[in-house]
Structures are given as C-alpha cells and as structure tokens.
Amino acid sequence: MATSGTVGQSFIDVADIIDKAIRRCGVQPNMLTPETTQIVTDNLFMLLTTLANRGINMWRVHRSLMGLYANQAEYTMAQGTLDILYALYRMPQRLSGTVVSSAGGTATNATDGDIDTLCTQVSPNGNISWDFTDPVVVNSIGILAGATASYTLVFEVSDDDVVWTQVGASPGATAYTNGRWQWYDIEPADSARYFRVRETGGGTLSVREVFVTSTWTEITMARLNRDEYSALPNKRLPGQALQFWFDRQITPKMVLWPMPNTTFTLMSLYTHRQIEDVGVLSNTLDIPQRWYEAVVTGLAFNSVLELPGADLQRYETLKDQANMAMTTAEAEERDASPTQWQPNISPYTA
C-alpha cells in the first residue's frame with residue numbers, strides 16, 4: 001500500500017481546532033454564534049499563553065544578538081520575552097581591509113570606529129565592500145544605522161570582485177533605527193578575498209559603522225536576582241557587562257552590570273518567548289504538530305463550562321483527557337541531552 005510520502009505537511013487551522021474542541025463538549029458547530037466562537041477563541045489564547053507557566057516550550061526558545069552601547073545599562077527585550085535562558089557577552093575582533101562604497105559617501109567612515117561619522121550613499125541599491133587581500137571567513141556582521149529606514153540587505157563574497165555569491169540567509173526587509181545596532185551571524189559562511197553588504201530593496205544606505213568579524217571571545221554572563229542587584233553599591237560602574245538582572249515587567253528588560261563601556265560589543269542570548277497570538281480563524285497555531293491533541297483537549301475542558309448547550313456530564317471525562325494529553329506532550333518537551341546538576345544554594349527573598 002502507498003503512503004503519503006510526506007511528513008509534517010498536514011495542518012489544522014484555528015477554525016478546525018475550535019470545531020474539534022466544541023464537538024468534544026457535545027456542541028454541534030451549527031449551534032455556534034459569533035459570541036460563543038469568540039469565547040472559545042479567547043479560551044484558546046489563554047490556554048496557549050499559560051503553557052509557558054508549565055515549563056519551557058522548546059520550539060519557542062529563540063537565539064538572538066543584541067548590540068550594546070557605552071553608558072547604557074538597561075535594554076528592553078523583544079515583546080513576548082518570558083525569560084533569558086542563557087546570555088553570553090561577546091567581544092568581536094574587527095577585520096581590516098580596503099573598504100569601498102559603490103554609491104558615494106565616505107566609505108572609511110563605516111569602519112573608523114567613530115559612531116559620529118557617517119557613510120551616506122547618494123543612490124539606491126548600493127553596496128559597501130571589503131578587499132582583505134587574502135581569503136578570510138566573515139561569519140558575523142553588525143550594522144549601526146545612520147538613518148531610520150528599511151533595508152533589505154544581502155551578504156556576498158567573491159574571489160575576483162566580479163562574480164559574487166550570496167552567503168548566509170538574507171535578513172529580509174528590516175527596520176533600522178538611527179544609532180542602533182543590528183547584528184547577524186552569517187551561516188554558512190565561505191572563505192573569500194572580497195566581502196560586501198548590498199541593499200536590494202531600493203533603499204539608500206546610510207550607516208555609522210559596519211563591523212565585520214571572523215573571531216570573537218564570548219564569556220558567560222552571570223544572573224543576578226533583584227536583591228543582589230539592589231545591593232550593588234555602584235550600579236553605574238563601567239566595564240565589561242558580565243552580570244545581568246532580568247526585570248520581568250510587562251515589558252521586560254535586562255539590566256547589565258557593570259555598565260558597558262563601549263559600543264562595539266554585543267550579547268548572544270537564548271530566550272524563551274511567548275507563543276504567538278491566535279489571530280484569525282484561518283491561521284495555523286504557533287505550535288508543533290505533537291501538541292495538537294493536548295491543545296484540543298485542553299481547549300475543550302476549558303470551554304465546557306462556558307459554552308451554551310455543552311454537555312456538563314462530560315466535564316470529568318474532558319478533565320482526565322486534558323490532563324493525560326498535557327502530561328504526554330510535556331514529557332516529550334525535551335532535547336534528550338545529558339543533564340548536569342550544579343547546586344548553587346543561596347538565600348533569596350525577592
């Protein structure tokens with residue numbers, strides 16, 4: 001007998017999940033009204049939101065790079081950041097070479113280490129290129145924008161300054177803010193004599209710095225609790241930012257100590273982020289397929305007491321099914337790597 005030959009290509013949209021959940025409550029879809037549909041949709045949103053309270057959702061662990069700035073201790077995190085799982089302080093070593101701007105502006109201003117000088121091109125879709133004389137691997141790049149604009153950048157390499165090949169994934173159309181870093185690791189990266197960053201979306205490049213590197217040093221940052229941070233005698237001490245306090249407000253932020261003393265370092269972060277919103281009924285949910293059953297059964301249990309016409313005699317059955325499905329899904333939410341225990345027992349009263 002033939003099989004489909006595909007894996008992970010079947011999707012259930014929000015409308016179908018709601019349909020399955022209400023059927024398990026003993027309600028037929030033709031009995032739904034816009035009001036009751038909104039009730040179940042709201043319950044679905046709340047269910048997804050509270051999944052993070054039960055543990056780390058592995059598919060929502062996100063790696064990102066965040067540029068640092070001299071004399072700035074507080075950094076606002078991306079919307080939906082729930083926790084910082086791991087933080088590394090990165091000190092990159094800048095590659096040097098002959099830099100050229102294809103569309104005007106002072107190219108050397110982009111590599112002079114002075115954030116107050118700008119390389120502003122005069123025509124769209126230009127590029128800034130480096131000749132390193134010998135082949136090197138550029139595997140990370142930082143763009144310190146000189147204007148607030150949207151750019152669609154690609155990174156390219158060449159052995160002869162004629163034929164260019166893209167390396168790494170394009171960041172796509174990205175909003176850049178004047179005086180703020182956007183850092184990217186280039187994977188995969190290729191060894192070549194020439195490297196360039198090129199605009200492809202019709203924008204005219206304006207940058208304060210473009211930092212290209214192939215090597216860096218990373219140091220694990222230690223986490224402080226609120227008591228420890230509050231007790232620091234000099235919270236504005238400048239230096240290498242090797243410790244942080246994660247202030248879990250509605251808009252969370254990282255507070256670094258010591259406070260960075262340079263604008264040419266960054267952090268590599270692993271963060272746990274909230275599951276995306278439900279959105280419209282035609283969307284698919286931001287969950288892996290292995291979680292569909294747990295979400296459907298959990299939604300049915302959460303909705304049975306609120307749905308007009310629901311069979312309340314199913315309450316205990318739905319409760320047992322939801323608990324079993326959630327337990328099964330959570331038991332597999334792991335990376336199967338060896339576990340290391342490092343006790344660090346200390347008082348904390350926050």
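**Chatting through a predicted chain**

Me: Ok, contacts: how much of the contact count, at a separation of 6 or more, comes from residues 24 or more positions apart?
Reply: That share is 76% for this chain. Keep in mind that the model is predicted.

Me: How many helices and strands are there?
Reply: The chain has five helices and 19 strands.

Me: And what sort of box do the C-alpha atoms fill?
Reply: Roughly 75 × 60 × 40 Å, taken along the principal axes.

Me: What percentage of the residues is buried?
Reply: Buried residues make up 43% of the chain, which has 350 residues.

Me: Cool. Which residues touch the most other members in the largest nonpolar core?
Reply: Cys-25, Leu-44, Leu-48, Leu-285, Ile-287 and Leu-299 do, in a core of 30 residues. Helices H1 (14–24), H2 (34–50), H4 (292–303) and H5 (315–331) each supply at least two residues of this core.

Me: Which helix gives the largest share?
Reply: H4, with six residues.

Me: What's Leu-299 in contact with, leaving aside neighbours within four places in sequence?
Reply: Its contacts are Ile-17, Ile-18, Ala-21, Val-40, Asn-43, Leu-44 and Leu-47.

Me: And what lies apart from that core?
Reply: Another core, this one of 27 residues, including Leu-95, Ile-128, Ile-141 and Ala-145. As background, nonpolar side chains tend to be buried together in soluble globular proteins.

Me: Switching to rings. How many aromatic pairs does the structure hold?
Reply: Twelve. In one of them, the ring centres of Trp-130 and Phe-195 are 6.0 Å apart.

Me: Why does that pair count as tilted?
Reply: Because the planes of Trp-130 and Phe-195 are at 50 degrees, and angles that are neither under 30 nor over 60 degrees count as tilted.

Me: Where do those two sit in the chain?
Reply: Trp-130 is in strand E6 (residues 127–137) and Phe-195 is in strand E12 (residues 191–199). They are 65 residues apart, so the pair links distant parts of the chain.

Me: Are they buried or exposed?
Reply: Both are buried: Trp-130 has 2% relative accessibility, and Phe-195 has 1%.

Me: What about Phe-301 and Tyr-315?
Reply: They form a tilted aromatic pair too, 5.2 Å centre to centre with 45 degrees between the planes. Phe-301 lies in helix H4 and Tyr-315 in helix H5, so the pair ties together parts 14 residues apart in sequence. Tyr-315 is partly exposed, at a relative accessible area of 25%.

Me: Which residues make up the aromatic cluster with Trp-181?
Reply: Trp-183, Phe-211 and Phe-264 join Trp-181 in one cluster.

Me: Which charged residues sit over a ring?
Reply: Arg-180 lies over the face of Tyr-69, 3.8 Å from the ring centre. The charged end of Lys-235 sits over the ring of Tyr-229, at 5.7 Å from its centre.

Me: Last topic, sheets. What's the strand order in the open sheet of four strands?
Reply: E2-E17-E16-E14, with mixed pairing. Strand E2 (74–76) and strand E14 (222–224) are the edge strands, each pairing on one side only. Neighbouring strands in this sheet are turned by 30 degrees against each other on average, direction ignored.

Me: And how many bridges join E16 to E17?
Reply: Five, between residues 243–247 of E16 and residues 253–257 of E17, and the two strands run antiparallel. Phe-244, for example, has Leu-256 in E17 as its bridge partner.

Conventions
Residues numbered from 1 in each chain as written. Predicted model: local features only at pLDDT ≥ 70, side-chain atom pairs only at ≥ 80, totals over all residues. Heavy atoms only, no water. Pairing = 2+ DSSP bridges. Axes fitted to C-alpha atoms, helices over the stretch in contact; angles between N-to-C directions. Core = buried A, V, L, I, M, F, W, Y, C linked by side-chain atoms within 4.5 Å. Buried < 20%, exposed > 50% of the residue type's maximum accessible area, 1.4 Å probe, protein only. Contact = heavy atoms within 4.5 Å. Phe/Tyr/Trp six-rings, centres within 6.5 Å; stacked < 30°, edge-to-face > 60°. Lys NZ or Arg CZ within 6 Å of the ring centre and 35° of its normal.
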